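Hello,

Here is the structure I promised to pass on to you. Please have a look at it first, and then read on for what turned up in it.

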Amino acid sequence: MQRTRTIKLNKSFKFIFNNTGFLLLILLFIISFLLGCVLVFKNNSLLNYIKTEMETFIQIRKDGNFGILLFNSILFILPFPLISFVCGTSVVGCVLSPLFLIYKGFTYGAYLGYIYGSYQLIGIVFNALVFLPFSIVSTLALILSVRESIGFSVVLASICIKGKKNTNLFIDFKNYCYRHLVILGLVILSIILDLGCSALFIKFFSF
């Protein structure tokens with residue numbers, strides 16, 4: 001029994017050590033998310049911005065125009081993983097990509113904090129049925145994108161700064177693109193969730 005526990009603990013520690021970067025990015029997102037929740041009602045400019053954005057978000061989904069809703073959903077979800085992908089193709093991507101993750105975490109936190117603070121119980125239900133399903137998937141996509149961007153940016157930095165020559169950059173870039181294609185699948189899933197949850201549940205909310 002003791003040997004089994006030791007093996008399980010070793011596997012757990014191995015998982016943590018192999019995924020330290022990913023776990024740190026999750027922690028970074030959570031911290032920025034919590035800051036957004038706390039600070040949204042402490043700054044009038046931020047509150048007004050979030051209020052306007054959420055009113056637009058809700059109104060577009062209530063109008064029921066599929067084309068406008070699809071465009072708005074793509075515009076809301078896709079740009080950050082796309083920008084992260086582009087940043088990863090430069091040596092500064094390892095610095096810039098986490099900044100976009102921090103910004104997204106902060107704004108998501110502000111959105112949820114505003115909805116809960118303004119509508120309380122109804123806001124909790126709205127978050128659970130409409131906002132959170134696609135947000136969770138799109139956040140996972142962004143975290144994975146940032147991780148890959150940092151990794152490829154570090155490879156580029158090692159070539160440019162340290163003069164490392166034993167790296168096959170073409171293979172690394174091909175793998176980088178393949179992984180982002182998988183991430184794009186998560187982005188598409190989050191857009192589908194946004195459209196589906198909005199179509200099913202937005203009619204039950206009067207705000």
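Let me begin with the largest cavity, where helix H6 is the main contributor: five residues of the lining come from H6. Please keep in mind throughout that this is a predicted model. H5 joins H6 in supplying at least two residues each to the lining of this cavity. If you would like to find the spot, look for Ile 77, Phe 80, Pro 81, Lys 104, Tyr 108, Ser 138, Thr 139 and Leu 142, which line the largest cavity. By class, that lining has five nonpolar residues, two polar and one charged. The space inside comes to about 40 Å³, and the count of cavities of 30 Å³ or more is one.

Now to the pockets. The largest pocket has a volume of about 250 Å³. Helix H3 (44–63), helix H4 (66–77) and helix H6 (93–160) are the elements that give two or more residues to its lining. The residues around this pocket are Tyr 49, Glu 53, Thr 56, Phe 57, Asn 72, Leu 75, Phe 76, Phe 80, Tyr 103, Lys 104, Thr 107 and Tyr 111. Seven of the lining residues are nonpolar, three are polar and two are charged. You may recognise two names here: Phe 80 and Lys 104 line the largest pocket, and Phe 80 and Lys 104 also line the largest cavity.

The second largest pocket has a volume of about 160 Å³. Which helices each supply at least two residues of its lining? They are helix H5 (79–87) and helix H7 (169–201), and H7 provides the largest share, with six residues. From H5's stretch of the chain and just before, look for Leu 78, Pro 81, Leu 82 and Phe 85 among the lining residues; further along, Cys 177, His 180, Leu 181, Ile 183, Leu 184 and Val 187 line this pocket too. The classes here are nine nonpolar, one polar and no charged residues.

Next, the core. In soluble globular proteins, nonpolar side chains tend to be buried together. In this model the largest nonpolar core has 37 residues, and Ile 50, Met 54, Phe 57, Phe 126 and Phe 131 touch the most other members. Helix H2 (20–39), H3, H4, H6 and H7 each supply at least two residues of this core, with H6 giving the most, 16 residues. Met 54 is a good place to start looking: leaving aside residues up to four places away in sequence, Met 54 touches Tyr 111, Tyr 114, Ile 115, Phe 126 and Phe 131. Phe 57, another of the core members named above, also appears in the lining of the largest pocket.

One residue of H6 deserves a separate look. Is Ser 97, which lies in helix H6, buried or exposed? Ser 97 counts as buried because its relative accessibility is 0%, and buried means under 20%. Apart from residues up to four places away in sequence, Ser 97 touches Ser 84, Cys 87, Gly 88, Val 146 and Ser 149.

Lastly, a word on cysteines. Cys 87, one of the contacts of Ser 97, is itself buried, because its relative accessibility is 10%. Cys 94, at 28% relative accessibility, therefore counts as partly exposed. The count of disulfides in the model is zero.

Enjoy exploring!

Best wishes

Conventions. Residues numbered from 1 in each chain as written. Predicted model: local features only at pLDDT ≥ 70, side-chain atom pairs only at ≥ 80, totals over all residues. Heavy atoms only, no water. 1 Å grid on protein atoms, 1.4 Å probe; cavity = no way out; pocket = protein on both sides within 12 Å on 5 of 7 lines; lining within 4 Å. Points joined across faces, edges and corners; volume = space filled by probe spheres on them. Helix = DSSP H or I, 4+ residues; strand = E, 2+ residues; numbered from the N terminus. Nonpolar A, V, L, I, M, F, W, Y, C, P; charged D, E, K, R; others polar. Core = buried A, V, L, I, M, F, W, Y, C linked by side-chain atoms within 4.5 Å. Buried < 20%, exposed > 50% of the residue type's maximum accessible area, 1.4 Å probe, protein only. Contact = heavy atoms within 4.5 Å. Disulfide = S-S within 2.5 Å.
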